[in-house]
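Me: Please take a close look at one part of this model. Start from a single residue and work outward to whatever surrounds it, in one connected account.

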Amino acid sequence: MKKDCKAVIIGGVAGAGKTTVGRILAQRTGWPFFDGDDFHPRTNIEKMSSGIPLGDDDRLPWLEKIRSKIKESLLERQNIIVACSSLNKRYRDIIRGNLEGVQFFILDIDYETAFQRISERENHFFKGEILKSQFDVLEISDDVCVVDAAKSPDAVANEILRQIESVF
């Protein structure tokens, strides 16, 4: 595996702007972007659509699929950007596994702003009533770079690009 390949994981609670920022980063870097929502099994989407928070047993296969995609990209010597909540260290450890070049950026946002953004979204399965469950498991630890998500998506992307240079 090429050591200098990078996997940039954009994490945070629902409504933080992971997908929007991930797409901006992909445009600016030319790296492929993958949305973690696309890796959820149907049962997870049905649960969240019904207002039921996911538990660890629900998340494990999803996290493993994301790790597999990252590993595949790095083995192909391709940088990658992934939007994935990666809410706590345990989840990030599953995603990272023993892969080198994986860096997590957590988009930091307050509950009210995240809830407002979720309420304004159309055609998304995540329901605002389960947002609190994400804040409950959110863990900021020394394995992440934290970025203020209250800023504009362009400003957030700019900050991540600056930090990419310093952490890789």
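Reply: R77 is found in the loop between helix 3 and strand 3, in what is a predicted model. The backbone of R77 has a phi near 60°, a positive value in a residue that is not glycine. That deserves a remark, because most residues other than glycine have a negative phi. R77 has a relative accessible area of 54%, so the residue counts as exposed.

The other end of strand 3 offers a second case. S86 lies in the loop between strand 3 and helix 4, and its phi is also positive, at about 40°, although S86 is not a glycine. Its surroundings are another matter: with 1% relative accessibility, S86 counts as buried. R77, by contrast, is exposed.

L87 is placed in that loop between strand 3 and helix 4 as well. L87 has a relative accessible area of 0% and is therefore buried. Leaving out residues up to four places away in sequence, L87 touches G12, V13, R59, R92, Q134, V137, L138 and E139. For a sense of distance, the C-alpha atoms of L87 and E165 are separated by 23 Å, and the two residues are 78 apart along the chain.

One of the contacts of L87 is R59, which brings the account back to helix 3, where R59 has its place. R59 is buried but takes part in no salt bridge; D56, the nearest side chain of opposite charge, is 4.1 Å away. The cut-off for a salt bridge is 4 Å, so that distance falls outside it. Again not counting residues up to four places away in sequence, R59 touches L54, L87, Y91 and V137.

Beside R59 in the numbering, D58 does have a partner: its side chain meets that of K47 in a salt bridge, 2.8 Å from N to O. Because D58 belongs to helix 3 (residues 56-75) and K47 to helix 2 (residues 42-49), the pair ties together parts that are 11 residues apart in sequence. D58 has 17% relative accessibility and so counts as buried, whereas K47, at 29%, counts as partly exposed.

Now the sheet on which helix 3 rests. The sheet is open and has 5 strands in the order 2-3-1-4-5, with parallel pairing. Its edges are strand 2 (33-35) and strand 5, each of which pairs on one side only. Averaged, and with direction ignored, neighbouring strands are turned by 20° against each other. Within the sheet, strand 1 (residues 7-11) and strand 4 (residues 102-108) pair in the parallel sense over 5 bridges; V8 has Q103 of strand 4 as its bridge partner. Helix 3 packs on this sheet and touches strand 1, strand 2, strand 3 (80-83) and strand 4, its direction making about 170° with that of strand 3. Helix 4 packs on the sheet too, touching strand 4 and strand 5, and its direction makes about 145° with that of strand 4.

Helix 4 also supplies a charged pair. The side chains of R96 and D143 meet in a salt bridge of 3.4 Å, N to O. This pair links distant parts of the chain, 47 residues apart: R96 is in helix 4 (residues 89-96), and D143 is in the loop between helix 6 (131-137) and strand 5 (144-148). Both partners are buried.

Helix 6 has a salt bridge of its own, between the side chains of K132 and D136, at 3.0 Å from N to O. K132 and D136 are 4 residues apart in helix 6, so about one helical turn separates them. K132 counts as partly exposed at 48% relative accessibility, while D136, with a relative accessible area of 51%, is exposed. Elsewhere, salt bridges that share partners join K89, R92, D93, R96 and D143 into one network. R92, a member of that network, is also among the residues that L87 touches. The whole structure contains 10 salt bridges.

Last, the nonpolar interior. The largest nonpolar core has 47 residues, and I70, L107 and I160 have the most contacts inside it. Apart from neighbours within four places in sequence, L107 is in contact with residues including I10, G11, G12, V147 and I160. G12 is thus named twice, because it is also touched by L87, the buried residue in the loop that follows strand 3.

Note on methods:
Residues are numbered from 1 along each chain as its sequence is written. This is a predicted model: local features need pLDDT of at least 70, side-chain atom pairs count only at pLDDT 80 or more; totals for chains, interfaces and linings use all residues. Side-chain values use heavy atoms; hydrogens and water are left out. Helices (H or I, at least four residues) and strands (E, at least two) are DSSP runs, numbered from the N terminus. Buried means under 20% relative accessible area, exposed over 50%, partly exposed in between (1.4 Å probe, protein chains only). Lys and Arg count as positive and Asp and Glu as negative; His and the chain ends are not counted. Contact means heavy atoms within 4.5 Å. Two strands pair if DSSP finds at least two bridges between them. Axes are lines fitted to C-alpha atoms, for helices over the stretch in contact, and angles run from 0 to 180 degrees between N-to-C directions. A nonpolar core is a set of buried Ala, Val, Leu, Ile, Met, Phe, Trp, Tyr and Cys residues joined through side-chain atoms within 4.5 Å.
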